[in-house]
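Colleague: I would like to go through this model slowly with you, asking at each step what stands behind the words. Please set each value against its definition before you conclude.

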Amino acid sequence: MFPLITHFEKLLKNIQPPKERLDVAQELPGKIRNYIKASKDFLTVEPHTRLAGSYAQHMAVGDVKDVDTLVRVPGNPEANEPEAKKLILDLKKLLDKLPESLGYEGYAAVDVERARRSIHVYFKDKDFHLDFVPCIAPDGFEKMLYVPDRGFNKWIPSHPIGYINLLNELNEKFDNKVKPLGKLLKHFRDHQMKTRKPKSYWLGALLIYHIHKGNLDMTQSLGVLFHDLLDAIDRQYKHLIWTSETATPNLPDPMLGHNVSWNWNRSHFKTFMRRIQDGQSWADKALQTNDRETAILHWQKIFGEEYFPTEVEISASELAKAGLPGQSFVTSTGLILPSQPVSGIYTPTQSTKFHGTEQI
Amino acid sequence: MGLSKFEYSQLEPIVNLAVQSFHILHRFPDFIYRREHGGAVWRGALQPRQFSQKYRVAVYYKLSSLPTVRVICPALAPKAPHLWKNRTLCLYYPQEKQWRRDMLIATTIIPWTALWLYYYELWLDTGKWLGPSSHASDSKLQGEKANSTEDNVPLNELSE
């Protein structure tokens, strides 16, 4: 079996959002917070704003253009105070001038196409936009909070930062493999599906579900984990295809438990399952073959040959230099690092030459 | 009359098994120590890169011989380089750098094992062994026919 670790590292680099977008996601939140905080007409509560969504999760892949921000407002969600409909218009009014304050041209608009609970801020000549979701957070962003429902008729519970924290915890627990695996699943969706895509949050919920259920052996390599995740999703839902003509998954929210995929269109779900089965089959072949080139070709079918590299000679040579005995370090789990880690138990490696003839 | 080879070897400083084990378990806490068939065995998992799998390895050591290392699982590729004929890892070339009994396994053998796995994965990715290599042609290596000598015989009769 060829785990193709260097290829997967390169793949993950290739599906990163453009650098300028990452820079925007890093730079803008502070400026936005100051702008919103300074408003006398639109009241907000400390700490006023919080980056959310895929950039905050560090799970963004590809050309993700929306940078999501939560805006904390005072209120009583049970009494629908402030009235969500009115609040969203007030927020739009405030954000209309945001592009100008940031030194851009642009405008704000209520999102009527997607979840209908946010304000989009568009910038002229820029291919990203900001997405603002007002929220009532009685106990702060870290706890359950309330966001407007579809149509802004009431406030409903949500736990976006809890979800981010859960991802962080799982990622740390499982040797930093969880988020990369989530990125691979999102990229797989984007590469295989131009339309009818399941939401990123659903994919994240699927990933967390299978980790919690113990369906993934997290000690495996990333390629094996990806195969096993597709396999687990297929086994979880394929009966819905055969036993009913209308059924769609009841996918539990990782934080609040309710069905997050209640509006998954049946035909969209069926398309997704076909892609999952194709991907699972190709991944199976990639892992079973004894020929490296064949394995690479199958992974390229899954992720695209522009993303999954054919050759990794240069990267491998750099890694070889970085790991040189006598210069590198090894952690308590066996991880080879080119420099001394900032924390944890580690051992400097001593020089050696591996013995024997090369077999090429 | 000089000392015999055996007597001379008894004069060398030796790190005993308890001290070896103390350092291994401190530096690699997931390893487990057992006494088996008069020798010591440390078993544990090493993951050389972030996206690698964990490799289960066993380090065998008797004070009368040299430590040897075997990958328990997964099975290594049939043509993997830098293996002895008995599938233990070639971590150093004894004629260039002899491992001595005053050395700590925790700071030599196990880090070299992690490095071996690191370069093994690069070999799987590229078909080339990119780690430092003695390039020595040794008849005891994988694919050759000579028998192993006492120095490199692993305690492979021990159960894994």
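Colleague: Which residue follows α3(B), and what is the sign of its phi?

Modeller: The helix α3(B) is followed by Gly127(B), and the phi of Gly127(B) is positive, near 80°. Please keep in mind that this is a predicted model, in which local features need pLDDT of at least 70 and side-chain atom pairs count only at pLDDT 80 or more, while totals for chains, interfaces and linings use all residues. Residues are numbered from 1 along each chain as its sequence is written, with chains lettered from A and ligands numbered from 1 in the order in which they are written.

Colleague: Why is α3(B) called a helix, and how far does α3(B) reach?

Modeller: Helices here are DSSP runs of H or I with at least four residues, strands are runs of E with at least two, and both are numbered from the N terminus. The run α3(B) has 18 residues, so the requirement of at least four is met. From its first C-alpha to its last α3(B) reaches 25 Å, close to the 26 Å expected at 1.5 Å a residue, where the expected span is 1.5 Å times one less than the number of residues.

Colleague: What makes α3(B) mostly covered?

Modeller: A residue is buried if 20 or more other C-beta atoms, placed from the backbone, lie within 10 Å of its own, exposed if 12 or fewer do, and partly exposed in between. In α3(B), 16 of the 18 residues are buried, and α3(B) is therefore described as mostly covered.

Colleague: How many residues does each chain bring to the contact?

Modeller: Two residues are in contact if their C-beta atoms, placed from the backbone, lie within 7 Å, and the contact takes 50 residues from chain B and 46 residues from chain A. On the side of chain B that touches chain A, α3(B) gives the most, with 12 residues.

Colleague: Which residues of α1(A) are buried, and what do they pack against?

Modeller: Helix α1(A), residues 5-14, has seven buried residues out of 10, namely Ile5(A), Thr6(A), His7(A), Phe8(A), Glu9(A), Lys10(A) and Leu11(A). These buried residues pack against α9, α11 and α12 of chain A, together with α3 of chain B.

Colleague: Why is His37(B) called exposed or buried?

Modeller: His37(B) has 11 other C-beta atoms within 10 Å, which falls under the limit for exposed, and His37(B) is therefore exposed. His37(B) lies in the loop between β1 and β2 of chain B, and its phi is near 50°, a positive value in a residue other than glycine.

Colleague: And what makes His58(A) partly exposed?

Modeller: His58(A) has 16 C-beta neighbours inside 10 Å, a count that lies between the two limits, and so His58(A) counts as partly exposed. The phi of His58(A) is near 60°, also positive, and its place is in the loop between α3 and β2 of chain A.

Colleague: What makes β1(B) and β2(B) a pair?

Modeller: Two strands pair if DSSP finds at least two bridges between them, and β1(B) and β2(B) have five, in the antiparallel sense, so the condition is met. Within this pair Arg34(B) stands opposite Val41(B), and the two strands form a hairpin with two residues between them.

Colleague: Why do β9(A) and β10(A) stand at the edges of their sheet?

Modeller: The open sheet has the order β9-β8-β10 in chain A, with antiparallel pairing. Both β9(A) and β10(A) have a single partner strand, so one side of each is left without a neighbour in the sheet. Between β8(A) and β10(A) there are three bridges, and the bridge partner of Phe329(A) is Pro348(A).

Colleague: Which residues touch the most other members of the largest nonpolar core?

Modeller: A nonpolar core is a set of buried Ala, Val, Leu, Ile, Met, Phe, Trp, Tyr and Cys residues joined through C-beta atoms within 7 Å. In the largest, of 79 residues, they are Cys135(A), Leu181(A) and Leu229(A). The largest share of this core, seven residues, comes from α9(A).
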